[in-house]
Each structure stands twice: as C-alpha cells, then as structure tokens.
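Biologist: I should like to learn how the features of a structural model are read. Might we take them one by one?

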Amino acid sequence: MPALNAALATEPGAAVVLNSWDTVLWGVLPYVMAVVLVGGLIWRYKYDQFGWTTRSSQLYESRLLRIASPLFHFGLLAVIAGHFFGLVIPMAWTQAVGMSQEFYHFNALLVGGIAGVATLGGIALLIYRRRTTGPVFMATTKNDKTMYVVLTAAIVFGLWTTLASIFEGEHGHNYRETVAPWFRSLFIFQPDIAAMAAAPFSFHLHTLVGMALFVIWPFTRLVHAFTAPLHYLFRPYIVYRSRDRETKGRGWSAVGTPDRDTRNR
Amino acid sequence: MRVMAQMGMVMNLDKCIGCHTCSVTCKQAWTNRAGTEYVWFNNVETRPGQGYPRRYEDQDRWRGGWDLNKRGKLVLKAGGRVRKMFGLFASPVQPELKDYYEPWTYDYKTLVDAPLGDDFPVARPKSLITGEDTKITWSANWDDNLGGSADNGHLDPLVEKVRRESEDKIKFAYEQTFMFYLPRICEHCLNPSCMASCPSGAIYKRVEDGIVLVDQDKCRGWRQCVTGCPYKKIYFNHKTGKAEKCTFCYPRVEVGIPTVCSETCVGRLRYLGLFLYDADAVTAAASVTDPQELYDAQMDVLLDPNDPAVQAAARAQDIPEDWIDAARRSPVYALAKVYKVALPLHPEYRTMPMVWYVPPLSPVVDLLRDQGHDGEDHANLFGAIDALRIPVEYLAELFTAGDTDRVTMVLRKLAAMRSFMRGISLGNDPDESIPEAVGMDGQTMYEMYRLMAIAKYDERYVIPKAHVEQAHDLEEMGCSLDFDGGPGMQDSSPFGEASGRPVPVAVDTFNALKDRQTTDEIAAGTSLRGRVNLLNWDGRGAPPGLFPEKGPEPDTLAAAEDQP
C-alpha cells in the first residue's frame with residue numbers, strides 16, 4: 001500500500017488529475033480556515049468575554065440532558081482522540097512497533113465506530129430535547145441552529161467514512177495514506193494536495209464540512225470548548241483578587257495564598 | 001498572622017416582620033432583568049419552612065459546602081476537582097427551575113381591553129419562561145407565614161432532623177405553632193465552597209473588603225458553583241449563561257452607604273460593619289473535627305480590632321487607618337464577638353459565613369404571654385427557654401450545628417436584657433443580678449441594649465469608604481460613563497443573545513426603568529439587546545421576541561381590534 005503514495009508522486013498522470021479545485025480546497029482552504037479560526041478566537045476572546053459561555057440549558061430540563069450531554073461530549077472526546085491517532089501518527093510508526101495494518105484498522109473502526117455512534121446518538125438526543133422542550137427551544141438562537149446543522153453534518157459524514165470502511169472491508173480506503181499525510185503536510189506549509197485529492201468523496205465531504213465547522217467555531221457557542229477549565233486541577237481553591245487588579249489588567253490571575261490551598265495540605 | 005478586612009452583616013431576627021421589603025428592593029436594584037426572574041439575591045423565609053430553593057438545606061441531596069475526609073482534611077462535599085471535571089457536561093446535582101419556581105407575570109392587558117361580555121375579564125398568569133399560560137404552584141415565599149405548613153411543614157429538612165432526634169413532634173397545629181422569619185443573602189464566606197467549586201476560577205473574594213463576586217467575563221457557565229454553595233445563593237442566569245450572586249451592593253458600600261436591603265429594611269434589623277480576621281487561620285478553623293466547635297473556631301479567626309498587635313499587623317497589610325478605626329466601631333463585631341449574641345447560619349457547612357443572626361426570642365416570649373405568664377420576667381423567660389425544647393433545638397440546627405447550649409445562652413442574654421431594661425424603664429434601680437446570671441455586667445448589657453434597640457443609622461452602618469485615591473479602580477463607576485453606546489443604545493450582538501461587552505448592571509437597570517417610566521409603547525425590546533424582559537412587561541401587547549413571528553401584520557391586528 002505505501003506504493004500508492006509513491007505512485008501518486010511519480011506517475012505523470014497523477015499530476016494531471018489535480019485541477020485547480022483541488023488546489024483551492026486542499027491547498028488554500030485549510031489555511032483560510034486556520035486564519036479564521038485562530039483570528040476569530042483571538043478576536044472573540046478580546047471582544048466578547050461576556051458571551052463566552054456554555055449557555056447551559058440544564059436549568060430548564062435535566063432529565064434528557066443528563067444522558068445526552070455526557071454521551072455526546074465523552075463520545076466527542078473519544079472521536080477527537082481517534083482523529084489524533086489517525087491523522088497525526090504516521091503509519092510507519094505504528095508498523096514500527098509491530099502493529100499490523102489489520103489490527104490497527106479493526107481497532108480504529110471498532111473504537112471510532114462506537115465513539116461516533118455515541119456522539120451522533122448524543123447530539124440527536126440533544127437536538128430532540130432542544131426542539132421539544134419549550135424553554136430550551138425558546139433559548140435557541142439562529143446562530144445555534146446553524147451551528148447544529150454543521151456540527152451534525154460533520155459527525156454524520158465522519159461516521160459515514162467509518163461505516164463505509166467497515167462494509168468495504170479489505171477493499172476499503174486507507175486514509176492513513178491520503179488524508180493523514182496531507183494533514184501533516186499542512187503544518188510544514190508543504191500541502192500534499194495530491195495525496196488528499198486521491199481520497200474518496202466521502203473523506204472530501206467530511207473534511208470540507210469539518211473545515212466549515214472550524215470556520216464558524218469562534219462565532220458560535222462552541223467556543224466554550226477552548227476554555228475547558230483544565231487549570232481547575234491546579235489552581236488554589238480560594239481566589240483572592242484585589243479591586244485594583246480589576247481594571248488594570250483584564251486577565252485573570254490566581255492570587256490564592258498558599259495557606260488557603262487546601263489541595264496541598 | 002495575615003490580617004484582612006471583611007464586610008459583614010448581622011440581622012436581628014426578633015425585629016423581622018417578614019415584609020419582604022428587602023427582597024423587593026434588592027430585586028428592583030439587581031435582578032430586574034431577563035434571565036434573573038427567579039433570582040432572589042435576598043429572600044425572606046418563614047421558618048419552619050422549606051426555604052428557597054425548596055429544601056436547600058438538605059445537603060444529602062444537594063451536596064453543598066465542605067466535608068472532612070477520613071484524614072480530617074477539607075474536601076468539597078460534591079466531590080473533588082477530578083469529579084467536578086467529569087460533571088461539567090451535566091452537573092450531577094443542580095436545582096432545576098421546579099426546585100425554585102417558574103416565574104410568571106399576568107396578562108393585565110385583558111383587564112382593560114377585553115370586549116364587553118357577560119364574564120368579568122381576568123388577568124391570567126403567563127409564564128416568564130415560556131410565555132404560555134401557566135398554573136402557579138410555588139414561588140420564592142409560597143409558604144410565607146406557615147402557609148400550607150399543615151401539608152408541607154414536614155418537608156423542612158431541619159424539622160425532619162429535629163423530629164428524628166427527639167420523641168416530640170414539631171406541631172404545626174395553629175395554636176402550638178412557633179415561627180419566625182429568616183432573611184437570607186449571600187454569606188460572603190471566609191471559606192467559600194462556591195469559589196472552590198468554580199472550574200474557571202471566576203468567583204473571587206476581594207482582598208479589600210472580602211466581598212465575594214462572580215467575574216462575569218470569566219464565568220463560562222459550568223454551573224458547579226450552584227452545587228457548591230450550600231445556601232444556594234448562586235443563581236444561574238439562564239439568558240446570559242452566567243452565574244450571578246448577591247454583590248453586597250459593592251457599588252454602594254464602596255462609597256460608604258449601606259446595601260439596598262439594609263437601607264430599606266423596615267425593622268432596621270440589619271447591621272453592617274467590618275471584621276478583621278486572620279486569613280492564615282481560616283483553613284484550620286474550618287477543618288475542626290466536631291461541627292459544634294466550628295463556632296468557637298470561627299470566633300478565634302475574628303481578631304480584636306482594639307488589640308494593638310492586631311492593629312499593627314493590619315497596618316503591615318496596608319489596611320488604611322480609617323478602616324482600622326471602622327473595625328473598632330464595628331457593630332457586627334460587637335454583636336458577634338463582644339456580646340456574643342449573633343450566630344453564623346449553618347456553621348456545619350464549614351464555609352465560615354459572614355452574615356450573622358441574632359436568634360429570635362419572640363417565639364418564647366409569645367408562648368409565655370399566650371399561656372398567661374409574664375413574658376418580661378427573667379426567671380420565667382429562663383425557665384421557658386429551658387423548657388421549650390423544640391424552638392431551641394430548631395434554632396440550634398440553624399445556627400450552632402445542633403448545640404442547644406449555645407443557643408440557650410444567647411436567648412438567655414436576650415431575655416436578661418429584656419428583663420433588665422424593663423426594670424430600668426419602670427424606674428427601679430438596675431438589677432445587677434440579671435446581667436450577672438448570663439455572665440455580663442449592667443454597663444455592658446446597657447450598651448448591648450443601646451446597639452440592639454436604639455442605635456442610629458451611623459451606628460448600625462459603619463462602612464468605611466473605598467479610598468479616594470483608588471476611585472478610578474472602582475468596578476462599575478470607572479466604566480459606566482464611557483460605556484460604549486450609552487443609555488438606550490445597546491445593540492444586539494451577532495453571536496447569540498447577550499454576547500459582546502457586558503452592559504454594567506447599573507446601566508441595564510437604568511435603561512429598563514427609564515423605558516418603563518417614559519415610554520408610551522411596550523417597555524421591552526430595544527434596550528435589552530434582543531432579550532425579552534417580561535418583568536418590565538406591563539401587559540400592553542407582547543414584547544418583541546416573546547412569540548415567534550407569524551400571523552397578520554401588527555397594523556392589520558390593530559385595525560381588527562378597532563372594529564367593534
């Protein structure tokens with residue numbers, strides 16, 4: 001299979017297959033997306049701290065939320081981890097540690113499939129809840145609705161690529177030879193457009209919708225993901241803050257006195 | 001020793017008539033906004049009663065406050081950091097709207113606009129959450145004056161506890177009833193569990209005056225603080241997605257005037273002043289093993305402002321001279337530590353609350369009087385306090401983690417003061433034996449009487465101003481004038497409702513009130529940045545955004561209404 005990569009690079013026909021659309025979609029768009037994502041996040045963080053929230057609707061309804069929200073979020077965390085393994089870790093590495101392609105593929109599909117189904121089930125339940133619970137629906141903005149469409153589409157198309165791999169079995173597409181090298185190549189600013197262009201349509205669709213999701217990300221309620229409170233594990237419990245510090249610097253600073261840090265006692 | 005200053009409050013429950021003026025004025029000042037309809041920074045509960053939100057004191061269910069672990073260290077009752085992180089996606093124990101109540105308004109418009117007919121028009125209740133017709137089943141003070149206590153009285157968690165522990169029953173039969181009012185605000189604790197629960201670190205205690213605030217810019221709406229606070233005094237604003245709480249009216253206190261609830265209190269039962277405390281000693285004090293010793297531990301944390309060593313340490317911590325002077329004159333320090341008649345609410349939560357209560361003697365006096373005894377005689381009162389176990393046990397559950405001796409001591413002091421002062425009023429010589437019976441002398445007792453009975457405004461409220469040289473740092477004053485857009489010009493922001501820079505509360509409230517007072521139109525919409533504020537809805541028509549847009553144009557509607 002590694003021959004495919006080499007073939008794409010060397011075969012004269014491969015370069016002919018590439019058209020300007022491929023260049024735009026897989027060579028330009030990712031960088032546009034990155035600029036919008038990073039720039040948008042920075043801008044929103046500076047401009048809209050007050051709007052930067054989960055906008056939780058648990059106060060209105062918690063019976064469904066208690067099941068759906070953890071299902072979706074934990075599923076999503078697993079999906080993100082799966083993307084990391086699939087896209088960032090080169091195939092050569094897993095083979096070097098003696099992991100066969102079949103074993104990797106089986107695990108990826110099994111874990112990825114479960115995580116994907118959990119995520120999709122979670123968001124389906126969340127959307128059902130949002131639509132049918134009066135107060136929750138009233139608190140849903142147009143912005144939210146747009147976001148839900150893109151987010152759900154990204155999950156559905158992603159799951160489609162996984163399921164397709166399962167049903168195609170041996171003949172399935174190995175994204176670790178197309179999408180993954182392209183993804184890694186983006187970070188060294190040498191986009192391997194040909195590799196991505198060789199991936200099937202389902203992967204193209206999933207990637208495009210995924211990029212759309214990242215483009216709208218900074219401008220939706222999804223931003224709360226970027227302030228996941230990991231620092232809570234390390235900060236002192238009791239926070240003292242001076243009135244002075246309030247306006248001089250807007251950044252948060254933990255001023256817990258060591259004695260009040262009950263964690264270390 | 002690390003001396004810090006803390007604004008504190010004492011409420012004398014004997015004087016509370018349960019008029020809810022504090023609640024109403026607080027609401028008008030702070031929570032008269034969309035998303036905070038159900039929020040009462042200040043509420044008044046009738047006790048025995050379930051409180052607000054319902055049964056908030058049942059910590060087996062709500063998991064608020066601190067616990068000691070097996071090694072005797074303080075841990076959050078709802079679980080440590082890792083457990084909290086796993087609870088982010090759906091907070092495991094959080095009150096729902098039904099535990100508070102579904103706020104409502106009335107369809108007043110019908111009263112004046114209803115066509116002539118056989119039936120008298122009625123203003124139907126409309127839910128402020130859904131805008132639909134609603135059935136009112138509960139509110140912030142639904143069981144006011146023991147209303148419904150024959151049915152619901154047993155639901156008070158403290159009643160349950162006292163009943164379990166005693167063979168006697170607390171009777172809710174009218175003739176055997178005792179009751180009193182308990183006004184509650186945020187306790188501005190020295191060891192706040194809401195703050196420790198906040199994953200974002202958005203809740204902070206001000207170094208200068210100990211007021212606990214939520215940084216609205218840093219709050220991300222993880223809702224853990226609602227669980228963490230055992231008093232359930234952090235509320236989730238369901239429109240902005242941020243936590244809100246009592247602010248101790250910091251913009252007022254900073255300029256030396258009392259909080260709105262204190263200022264408007266009809267019974268003049270609230271006292272405001274400074275405590276000096278040793279910040280280094282708080283954690284150890286909150287970790288005392290026996291819950292009934294937490295009161296003493298809390299007392300030890302409070303420092304004597306007349307002690308030169310304390311004053312020197314305070315100066316070393318840059319506490320200004322006028323603040324040290326205010327601490328010396330502090331009425332709350334006097335009531336809590338000098339006279340020892342003010343008790344903290346639920347010390348067993350281990351949060352070191354800084355709003356204190358003088359427990360009510362009136363249930364005892366009333367019972368004596370009703371039985372034909374002299375309710376002013378100290379011997380009668382002392383006997384009654386000892387005999388009337390149920391009120392004392394109930395008060396002990398509230399204020400001393402069940403230590404009835406402590407509550408009895410305070411009630412005896414109040415009884416002695418009552419009896420001692422009656423003697424003086426009747427022109428008799430002061431009977432020194434009465435104060436001696438409660439370990440005080442006549443002079444001290446008279447001073448306590450002065451403070452509790454006839455203290456004037458500037459004796460009840462000893463509030464040092466924030467320093468002029470720091471004026472530009474005051475949180476809202478500094479920015480309200482250059483606030484972008486100015487009054488009435490806030491725009492709806494593109495990223496969901498209430499995004500963009502926060503409107504200072506003062507500006508928001510100012511606009512809402514101005515709208516309502518000056519406009520001929522429906523007072524909602526334009527100044528609320530796309531949110532619907534039904535609290536300002538006077539029933540004329542429907543505020544924009546209340547209902548989905550459908551049906552005929554407003555013009556045709558109006559034309560249709562004009563037809564007979």
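Biologist: Against which helices do the buried residues of helix 11 of chain A pack?

Modeller: This is a predicted model. The general idea concerns the helical repeat: an α-helix has 3.6 residues a turn, so residues three or four places apart point the same way. In this structure, Phe203(A), His206(A), Thr207(A), Val209(A) and Leu213(A) are buried in helix 11 of chain A. The buried residues of that helix pack against helix 8 (142-168) and helix 9 (179-187) of chain A.

Biologist: What span does helix 11 of chain A reach from its first C-alpha to its last?

Modeller: Helix 11 (residues 201-216) has 16 residues and reaches 23 Å, close to the 22 Å expected at 1.5 Å a residue.

Biologist: How are the faces of a strand to be read, and which residues lie on either side of strand 2 of chain B?

Modeller: In a regular strand the side chains alternate between the two faces of the sheet. For strand 2 of chain B, one side carries Asn43(B), Glu45(B) and Arg47(B), and the other Val44(B) and Thr46(B); all are buried, and both faces are thus covered. Because 5 of the 5 residues of strand 2 (residues 43-47) are buried, the strand is largely enclosed by the rest of the structure. Its antiparallel pairing with strand 7 (residues 180-184) of chain B extends over 5 bridges, and Phe180(B) in strand 7 is the bridge partner of Arg47(B).

Biologist: Which residues point one way from strand 10 of chain B, and which the other way?

Modeller: From strand 10 (residues 234-237), Ile234(B) and Phe236(B) point one way, while Tyr235(B) and Asn237(B) point the other way; all are buried. Strand 10 pairs with strand 11 (residues 242-245) of chain B in the antiparallel sense over 4 bridges, with Asn237(B) opposite Lys242(B). These two strands form a hairpin with 4 residues between them, and Gly241(B) in the turn has a positive phi of about 75°.

Biologist: What is the strand order of the open sheet that draws on chains A and B?

Modeller: The order of its 3 strands is 1(A)-8(B)-9(B), with mixed pairing. Strand 1 (240-241) of chain A and strand 9 (212-214) of chain B are the edge strands, each pairing on one side only. Strand 1 of chain A runs parallel to strand 8 (residues 203-206) of chain B, joined to it by 2 bridges. Tyr240(A) stands opposite Lys205(B) in strand 8.

Biologist: In what order do the strands of the 5-strand open sheet of chain B lie?

Modeller: The order is 13-12-1-15-14, and the pairing is mixed. The edges are strand 13 (302-303) and strand 14 (343-344). Strand 12 (residues 270-278) and strand 13 pair in the antiparallel sense over 2 bridges, with Tyr277(B) opposite Leu302(B). Helix 13 (residues 308-316) of chain B packs on the sheet, where it touches strand 1 (3-12), strand 12 and strand 13; its direction makes about 115° with that of strand 1. Helix 14 (residues 321-328) of chain B also packs on the sheet, touching strand 1 and strand 12.

Biologist: Which residues touch the most other members of the largest nonpolar core?

Modeller: Among its 141 residues, they are Val10(B), Met195(B), Ile203(B), Val332(B) and Leu335(B). Helix 19 (residues 404-425) of chain B contributes the largest share of this core, 8 residues. Apart from this core lies another, of 21 residues, including Leu213(A) and Trp217(A). As for Leu335(B), its contacts beyond four places in sequence include Val10(B), Tyr271(B) and Trp356(B).

Biologist: Is Asp99(B) buried or partly exposed?

Modeller: Asp99(B) is partly exposed, because 18 other C-beta atoms lie within 10 Å, whereas a buried residue needs 20 or more. Asp99(B) is placed in the loop between helix 3 (81-86) and strand 5 (104-106) of chain B. Beyond four places in sequence, Asp99(B) touches Pro53(B) and Arg54(B).

Biologist: Which elements of chain B have the lowest and the highest mean pLDDT?

Modeller: The general caution is that where pLDDT is low, the predicted coordinates should not be read in detail. Helix 23 (residues 477-480) has the lowest mean, 42, and strand 15 (residues 355-358) the highest, 98. Chain B averages 85, and 80% of the residues score at least 70. Over residues 522-529 of chain B pLDDT stays under 50, although the model has 29 contacts beyond four places in sequence for them. The model as such scores ipTM 0.83 and pTM 0.83.

Conventions: Residues numbered from 1 in each chain as written. Chains lettered and ligands numbered in written order. Pairing = 2+ DSSP bridges. Buried ≥ 20, exposed ≤ 12 C-beta atoms within 10 Å, placed from the backbone. Contact = placed C-beta atoms within 7 Å. Expected span 1.5 Å × (residues − 1). Core = buried A, V, L, I, M, F, W, Y, C linked by C-beta atoms within 7 Å. pLDDT = per-residue confidence, 0-100. Axes fitted to C-alpha atoms, helices over the stretch in contact; angles between N-to-C directions.
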